[in-house]
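Here are some friendly notes to read with the model open beside you. Take the points in order and find each residue as you go.

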Amino acid sequence: MSLQNLNNHDLLSGFKTLVQRERRVSREVLEYIAEIESRRIFLNEGYTSTHDWLVAVHNYSHGAAGRRVSAARMLCAVPEISEKIETGEFCMSSLSRIQSAIRIEEKRSGEVMSAEKKSEMLDEIELKPKAEIERSLAELFSSTAPAREMRQPKADGFTRMHVTFSEEQMQKIERAAELLSHKTESASIADALVAMAEIVIASNDPLEKIVKPRNKNNDAQVDRCGVLTGDAPATWLATPNKTAAIKPSTRNFVFRRDDGRCQFETADGVVCGSRKFTQIDHMLPRALGGSNDVENLRVLCRSHNLLMAEQVFGAAKMASYRKAPASNQSLRE
Ligand SMILES: [Zn+2]
């Protein structure tokens, strides 16, 4: 019988029957896995876990096998949910997610959660959409959310990241993705994040732009400086005025010359190289007569800038700076 020959009513009715059958089969698959695991049959089959056995023998992906094993364990602990799987009140992925959260919580607390507690929890969570389940789990177990960001390099050059966002942060990212939809039909969260990164880089990264000196006479040197030979033309040197701020063009030159990296170097030749919280540092502090010449300037990270300042001015004086917000202003200028 071809589906094309069915009228709408029969098509929908046939589909409903299939969904019910699919759920029944899902329930049976989980019951089988639970029993196989309880007998530890995978050991006899030459595998160290039900998970590995499902992947190797039954060609499940690692994710699909993991979901099934987790859901089967939940079924083992709370057998009465079996019927709810068949009625669609619980799907395999929800059960798996809840079981994973319970496992993390049990690990954290060092206590095994009772079947009654698990059952209560399931009653509370059932019938909720996936996002709501995640929220409920987060409320039930504060430890459920991944504590740190995780990067997983993929073979094809891509990177998979696990990042946790607050509700407010997520709203902003999703709004950015909506705004991007004018440019890209199906802007993903990754597209939105990259678009935001490009905006931040374009407006903040000194390595991305060449700041020209205002003095017209220096135009020729500006062009040469763009080659980044590491030697600034003499006309680039700041004015001898020791109290003057570093010119934006000089600051830009130093950042690009140092590749935006902290130049702090240990006696053993280990260079910090950090690109975070970077500042322009006067090697000979201005207070001690140091100039704004590029030879006297370098990029330091905030931590190393403070360290150098402490060596010159003493730790007590610099202690007040420790709590100050990071900025691109050198503390030793
Ligand atoms: Zn550093």
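1. Before we look at a helix, a word on what the label covers: helices are DSSP runs of H or I with at least four residues, numbered from the N terminus. With that in hand, you can place Met 92 in helix α6. Please keep in mind throughout that this is a predicted model.

2. Let's stay with Met 92 for a moment. Is Met 92 buried or exposed? Its relative accessibility is 15%, and buried means under 20%, so Met 92 counts as buried. Setting aside neighbours within four places in sequence, Met 92 is in contact with Ser 26, Leu 30, Arg 67, Arg 68 and Ala 71. You can also look for Val 69, which is 23 residues from Met 92 along the chain, with 9.8 Å between the two C-alpha atoms.

3. Now step back to the whole protein. It has 14 helices and 4 strands. Of its 333 residues, 32% count as buried. Among contacts with a separation of 6 or more, 53% join residues 24 or more positions apart.

4. Next come two helix pairs. Two packed helices are described by the angle between their axes and the distance between the axes. How do α4 and α6 pack? Their axes are 7 Å apart, at an angle of about 75°, and the two helices are therefore roughly perpendicular to each other. On the α4 side, the residues that meet α6 include Gly 66, Arg 67, Ser 70 and Met 74. On the α6 side, Met 92 appears again, and Leu 95, Ile 98 and Arg 103 are also among the residues that meet α4. Sorted by class, this contact has 6 nonpolar, 6 polar and 4 charged residues.

5. Helix α4 (residues 62–77) also meets helix α1 (residues 8–39): their axes come within 8 Å and cross at roughly 80°. That makes α1 roughly perpendicular to α4. From α1, the residues involved are Arg 27, Leu 30, Glu 31, Ile 33, Ala 34 and Glu 37. Their partners in α4 include Arg 68, Val 69, Leu 75 and Cys 76. What is the mix of classes in the contact of α1 with α4? There are 8 nonpolar and 5 charged residues, and no polar ones.

6. The nonpolar cores deserve a look too. The largest has 30 residues, and those touching the most other members are Met 74, Leu 95, Ile 98, Met 121, Leu 122 and Leu 137. The elements giving two or more residues to this core are α1, α3 (50–58), α4, α6 (92–109), α7 (115–125) and α8 (130–140). Which helix gives the most? It is α4, with 6 residues. There is also a second, separate core of 8 residues, including Ile 246, Phe 253, Phe 255 and Val 294.

7. Phe 255 is worth finding on its own. This residue lies in helix α12 and is buried, with a relative accessible area of 5%. Not counting residues up to four places away in sequence, Phe 255 touches Pro 206, Leu 207, Gly 260, Thr 278, Gln 279, Ile 280 and Val 299. One of these, Thr 278, is 23 residues from Phe 255 in sequence and 9.1 Å away in space, C-alpha to C-alpha.

8. Please also check a charged residue, Glu 106, in helix α6. With a relative accessible area of 17%, Glu 106 is buried. Beyond four places in sequence, Glu 106 touches Glu 111, Val 112, Met 113 and Lys 118.

9. Two backbone angles are good ones to inspect. Most residues other than glycine have a negative phi. Asn 59, however, has a positive phi near 60°. Asn 59 sits in the loop between α3 and α4 and counts as exposed, at 66% relative accessibility. Asp 259 also has a positive phi, of about 55°. Asp 259 is in the loop between α12 (248–257) and β3 (278–282) and is partly exposed, with a relative accessible area of 34%.

10. Finally, the cysteines. How many disulfides are there? The count comes to 0. Cys 272 is partly exposed, at 31% relative accessible area, whereas Cys 301 is buried, at 6%.

Methods. Residues numbered from 1 in each chain as written. Predicted model: local features only at pLDDT ≥ 70, side-chain atom pairs only at ≥ 80, totals over all residues. Heavy atoms only, no water. Axes fitted to C-alpha atoms, helices over the stretch in contact; angles between N-to-C directions. Parallel < 35°, antiparallel > 145°, perpendicular 65-115°, else oblique. Contact = heavy atoms within 4.5 Å. Nonpolar A, V, L, I, M, F, W, Y, C, P; charged D, E, K, R; others polar. Core = buried A, V, L, I, M, F, W, Y, C linked by side-chain atoms within 4.5 Å. Buried < 20%, exposed > 50% of the residue type's maximum accessible area, 1.4 Å probe, protein only. Disulfide = S-S within 2.5 Å.
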